[in-house]
Amino acid sequence: NVLFQLCLEQQDLKASEAYCAATMRPFMHLYNTNSPVLGLQLYKLGKLQDVLGSPAALHTFTSAYRVLSITHGASAALVRTLEQTIHLVQATSSHAPSLA
């Protein structure tokens with residue numbers, strides 16, 4: 001996390017995204033599929049991907065939504081914000097899957 005924070009402080013979003021993406025495999029190995037830690041890491045990665053214009057952001061946000069809607073509940077503010085973000089990304093994507 002220190003490296004990630006340093007990248008963010010230097011406003012190096014590409015390095016931040018690369019670091020965050022590199023942590024996903026260990027996170028998926030160490031944490032339960034429905035772990036809030038995993039869901040939050042996915043959300044963080046999705047935000048970076050979205051800012052950088054990556055088409056992977058939608059898939060990452062959707063994965064985060066699946067986890068966080070279980071761990072936090074669908075009515076939690078964080079999950080509702082994530083859902084709105086997914087809808088915005090879908091609106092700007094030509095071949096976007098739905099949350100269903």
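**Exercise 1.** In this predicted model, find which residues Thr85 is in contact with, leaving aside its neighbours within four places in sequence.

*Solution.* Start with the position: Thr85 belongs to helix H5, residues 77–92. Next, look for heavy atoms within 4.5 Å. With the neighbours within four places set aside, the contacts of Thr85 are Tyr43 and Phe61. Finally, check the burial. The relative accessible area of Thr85 is 19%, and the cut-off for buried is under 20%, so Thr85 counts as buried.

**Exercise 2.** Classify the aromatic pair formed by Tyr43 and Phe61, and state which helices it ties together.

*Solution.* The ring centres of Tyr43 and Phe61 are 6.1 Å apart, and the angle between the planes is 75°. Planes over 60 degrees apart count as edge-to-face, and that is the class of this pair. Tyr43 is in helix H3 (residues 36–51) and Phe61 is in helix H4, so the pair links parts 18 residues apart in sequence. Both Tyr43 and Phe61 are buried. Tyr43 has a further partner: Lys47 lies over the face of its ring, 5.2 Å from the ring centre.

**Exercise 3.** How many aromatic pairs does the count come to, and what is the class of the pair Phe27 and Tyr31?

*Solution.* The count comes to two aromatic pairs. For Phe27 and Tyr31, the centres are 5.4 Å apart and the planes are at 45°, so this pair is tilted. Then take the accessibility of each residue. Phe27, at 17%, is buried. Tyr31, at 33%, is partly exposed.

**Exercise 4.** Check the span of H4 against the value expected for its 16 residues, then list its buried residues and name elements that cover them.

*Solution.* The expected span is 1.5 Å times one less than the number of residues, which gives 22 Å for H4. The end C-alpha atoms of H4 are 23 Å apart, which agrees. The buried residues of H4 are Ala57, Leu58, Thr60, Phe61, Thr62, Ser63, Ala64, Tyr65, Val67 and Leu68. The cover over these buried residues includes H3 and H5. After H4 comes Gly73, with a positive phi near 90°.

**Exercise 5.** Which elements of the protein chain have the lowest and the highest mean pLDDT?

*Solution.* Begin with the whole chain: the average pLDDT is 89, and 90% of the residues score at least 70. Among the elements, helix H1 (residues 2–9) has the lowest mean, 73, and helix H4 (residues 56–71) the highest, 96. Where pLDDT is low, predicted coordinates should not be read in detail.

Terms used:
Residues are numbered from 1 along each chain as its sequence is written. This is a predicted model: local features need pLDDT of at least 70, side-chain atom pairs count only at pLDDT 80 or more; totals for chains, interfaces and linings use all residues. Side-chain values use heavy atoms; hydrogens and water are left out. Helices (H or I, at least four residues) and strands (E, at least two) are DSSP runs, numbered from the N terminus. Buried means under 20% relative accessible area, exposed over 50%, partly exposed in between (1.4 Å probe, protein chains only). pLDDT is the predictor's confidence in each residue, from 0 to 100. Rings of Phe, Tyr and Trp (its six-membered ring) pair if their centres lie within 6.5 Å; planes under 30 degrees apart count as stacked, over 60 as edge-to-face and the rest as tilted. A charge sits over a ring if NZ of Lys or CZ of Arg is within 6 Å of the ring centre and within 35 degrees of the ring normal.
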